[in-house]
Structures are given as C-alpha cells and as structure tokens.
Amino acid sequence: MTTQNTWTNWSRSVETHPVRIEHPGSTADVQRIVAEAAAAGIKVKAVGASHSFTPIAATDGVLLRLDRMRRIVAHDSATGRVRVQAGISLHDLNPQLKAIGLALPNLGDVDPQSVAGAISTGTHGTGGKLFGISAAVVGVQLVTADGQVVDINEDHPWFGAARVTLGALGIVTEVTLQCVPAFLLHAREEPMPLADVLGRVDELVDDNDHFEFYWFPHTDKALTKRNNRVADGTERRPVSRFRHWLDDELLSNTVFEGLNRVVARKRSWIPRTNAFAASVLSAREYVDDSFNVFVSSRTVRFRESEFAMPRAALPSVLAELEAWFAAGHENISFPIEVRFTAADDVWLSTGHERDNCYVAVHQYWRSDHEAYFAAARDIFTAHEGRPHWGKLHTLDASYFATAYDRFDDFVAVRDDLDPKRTFGNHYLTQVLG
C-alpha cells in the first residue's frame, strides 16, 4: 500500500518513507530513473504487490512500483515460452496463459505477487517431483546500477544468480518463463489425524503430483490436499458456488477472521477454537484449471515465517513444535502449513540441490509473533533450515554463507553489477553482508 510517500507491505510489518515513488511503464523508463538516482547517489528499489513479509523491498530512496509493467510481451506456443513484463501479477497472468493454452507448472497458494517479486524471493508451491516458480525462468532482463540493460539466459554465466536475485542485482524488468500446456487438476481435500499423515508422508508425497497439509496446533488434526493431473478430455467439475462461499469465504476467511479477533484477547480459548476450526472443514473433491486449484483465497491478514528443511527432518521438526506448544509457551491459532519440493539448481533457491519439506508458521497480524517465530527458527535451523527470502526471519550472511554452496558466487555477481549498492537496503546488508 502507498499513501503519498509512505509505503507499507501487505502484512503491515514494514513501513518506509521513500523520497519519491515512481510508476515506470517500460524498461526504458526504469533505465532513466535508475541512471538519475544513481548519479545523485540515491538508492532504488522495486516493489510488485508488496506481499513480502520482510523489508526486502524497503527503501528511503526511490521506490519503483511496477504496476504499469504488466503485459505479456511475447509468447511461442510451440516452445511454451512466454516473455512478460516484471510487474504482471500471477493473478492476472494465469488466465492469460490459459487463453493461449499454457500454464505455469507449479504455483504457490496465493497469487497477488508480481512475477518479479515471486521469483526474486524464491516463491514455491508443492510437489515432491516439482520445483518453485524460479525453476521455470529461462530468461531475465535486468536494468543494472549504471542504467544498462542486461539479458541473462540459460547460457549466461550469471543465470544461476538471476532466477532468485533478492532485488540485489538490479531491477528485473522482463522475465521469460518456460510454461507447459494448460492442465486440469483433480483436487482431493480431507481431514486426517496428524499421526496418520506423518506415518504415510512419503507415500502421500511420492504418489501425488502435489501434496500439502495443514496441522492445527493444540490438536491432532490435519487437513490434507492432494492435487493430481487428469487425463486429456476430462471435464471441469469446479467447486459449486455455494460450497466455495461456505468453505473458502465464510469459514476460511470471515469466520476465521472473527475467531482470531476474539482469541487475540482470549488466548486461553485457542485450543478449543482450533479443534472447532479443524472439525468444520469437511472432505471435498473437484476438478478445475490448475491455477484455480493451487490458489486459495486469503483475506485474513497475518505474519509468516517459513523454512525449507531436508524432507527426512519433518517428523522431528513437528514433534519439537508440538513439544513447545505442550510446554505452555504460547497458544497459536493459525494452522501450520507443510509443503514439499524437489531439488533445483538455482543458486539462492531454498531448494538448491536438496529435496525439501517446507514448514510455515503464522501469527495473526494483531498478535505478537516474535517469541513464536524465534522458537520455530531455533527448531528449523537445528535441521539445516533455509528461510523463505520474503518471509520473516532474523538470520544473517554468516548463516547463509554456510547454508548455500553458491552464496559467495552470488555475492561476487552482486559486486560486479552493483558495487556501490544502488539497490541495497538494510535487509540486503543483513542477508548478504
């Protein structure tokens, strides 16, 4: 959100006051703005949908809102490659891809993010044999600190760094995505005891294209989601309007918001409200376009921290979280989300060269998250956790230098492209040194 020269992110966890806010409409506009700011010694940062929980896009210099850069520039149906302006949101892109018979192979569970923001922070979905969105990137156009345009493709020595940039290498202005033919997913959602989920987790991950689950703290209840591609010719059978309203709008958002407002003041009620919330979400199955299945409605505002860990660590991680709850430290109203991806080769991707489970903890935005997230961080880092770059954490460059084999290579590319730190801010100093 921006008001005059104030910028606030979606979760209301970050507020900054840029010297000015620009709305470029083209790569040439970005070149001009960056060159002018760099000549004046002013920092520059770009922001898409403001959906990162960290201050990764914060600046007291010039803030570039990419909301005018939202076109599909070119597409090739034969190869499935689509070039887009960096500010286009996933919400707008997905139906446009469908119209040309294409889709992204994987998505996260919300879609307001800009393409540039999603790839720059390593946004992912779930699927034991699949990858985050950045793995679909085959080309990145950057405006560098000297105002030059650099096109980085698969043959470029900086390609491994350019698919998750953290906004540290330059302003991403266009992205080329390797898409797949548009596809439908059969979704199966059902409650399951947590012990059963963990007892079958390898089967559930390996035997489904996409698997994830939500565990409700202070209960033994989980909601599982299995999404699988269907045979050609299968007809769409989307969720009925009434069921969508009941499950996705009323229960998951309106009622959940109301419960969180109450338990923010009456935290002793949380175990009972969690048991209630887990019990009212019943099983359902439907078939719909991939992006309609991947993406859920999220109107309740919250803060989030998410870490990637080796898949084998999951039972221990959840047991340690359960022990922390059982010790009476704090009652937590938000479900814990668990997802899975395969190893990739992107230098600063949380999936770099490792099959992962992802465990995300959330706290209602009106409640203090620090003690809970700190306890979760200690559990996650004890299991080689790598935090999502756009979600809350307190780790610094000394940690990441050991967590990522190509960390020093990424920093070296940054030194080449932005030696004066035109695109720097406090967050990048923290995580890159």
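This short talk walks through two sheets, three single residues, one pocket and the cavities of the structure above.

Before I start, please keep in mind that this is a predicted model, in which local features need pLDDT of at least 70 and side-chain atom pairs count only at pLDDT 80 or more, while totals for chains, interfaces and linings use all residues. Residues are numbered from 1 along each chain as its sequence is written, and side-chain values use heavy atoms, with hydrogens and water left out.

Let me begin with the sheets. When I speak of helices (H or I, at least four residues) and strands (E, at least two residues), I mean DSSP runs, numbered from the N terminus, and two strands pair if DSSP finds at least two bridges between them. As a reminder, the strands of a sheet pair through backbone hydrogen bonds, either parallel or antiparallel.

One open sheet is made of eight strands with antiparallel pairing, and its order reads β17-β14-β16-β15-β19-β20-β18-β21. At its edges stand β17 and β21 (386-387), each of which pairs on one side only. Strand β14 (residues 184-193) is joined to β17 (residues 284-289) by six bridges in the antiparallel sense, and there arginine 188 has glutamate 285 of β17 as its bridge partner. Strand β14 is also antiparallel to β16, with nine bridges between them, and here alanine 187 is partnered by asparagine 227 of β16. Further along the order, β18 (residues 302-310) and β20 (residues 356-364) are paired antiparallel over nine bridges, with tyrosine 358 in β20 as the bridge partner of alanine 308.

The other open sheet I want to show has five strands, in the order β7-β8-β12-β10-β11, and its pairing is antiparallel. Because β7 (72-76) and β11 (149-153) are at the edges with a single partner strand each, one side of each is left without a neighbour in the sheet. From one strand to the next the twist averages 10 degrees, where axes are lines fitted to C-alpha atoms, for helices over the stretch in contact, and angles run from 0 to 180 degrees between N-to-C directions. Within this sheet, β10 (residues 137-143) and β12 (residues 171-178) run antiparallel and are joined by six bridges, one of the pairs being valine 140 with valine 175 in β12.

Now to the single residues, for which buried means under 20% relative accessible area, exposed over 50%, and partly exposed in between (1.4 Å probe, protein chains only), and contact means heavy atoms within 4.5 Å.

Is lysine 221, in strand β16, buried or partly exposed? With a relative accessibility of 36%, lysine 221 counts as partly exposed. Beyond the residues up to four places away in sequence, lysine 221 touches Met192, Tyr214, Trp215, Phe216, Ala275 and Ala278. Its C-alpha lies 8.3 Å from that of serine 279, although lysine 221 and serine 279 are 58 residues apart in sequence.

Asparagine 253 sits in helix α7 (residues 241-263) and, at 4% relative accessibility, counts as buried. Apart from neighbours within four places in sequence, the contacts of asparagine 253 are Asp248, Ser297, Arg298, Thr299 and Val300.

Glutamine 113 belongs to the loop between β9 (102-103) and α3 (115-120), and it is buried, with a relative accessible area of 11%. Leaving out neighbours within four places in sequence, glutamine 113 is in contact with residues including Ala49, His51, Ile88 and Thr123.

I will finish with the empty spaces. On a 1 Å grid over the protein atoms alone, a cavity is a set of points where a 1.4 Å probe fits but cannot get out, whereas a pocket is an open set with protein on both sides within 12 Å along at least five of seven lines, and lining residues have an atom within 4 Å of a point. Grid points are joined across faces, edges and corners, and a volume is the space filled by probe spheres set on the points.

There are four cavities of 30 Å³ or more, and the largest cavity holds about 90 Å³ of space. Its lining has 15 residues, with Asp109, Glu212, Asn227, Val293 and Phe294 closest to the centre. Strand β16 (221-229) and helix α9 (290-294) are the elements that give two or more residues to that lining.

The second largest pocket contains about 240 Å³. Of its 15 lining residues, Ala58, Asp60, Gly424, Asn425 and His426 lie nearest the centre, and helix α14 (residues 426-432) gives the most to the lining, with three residues.
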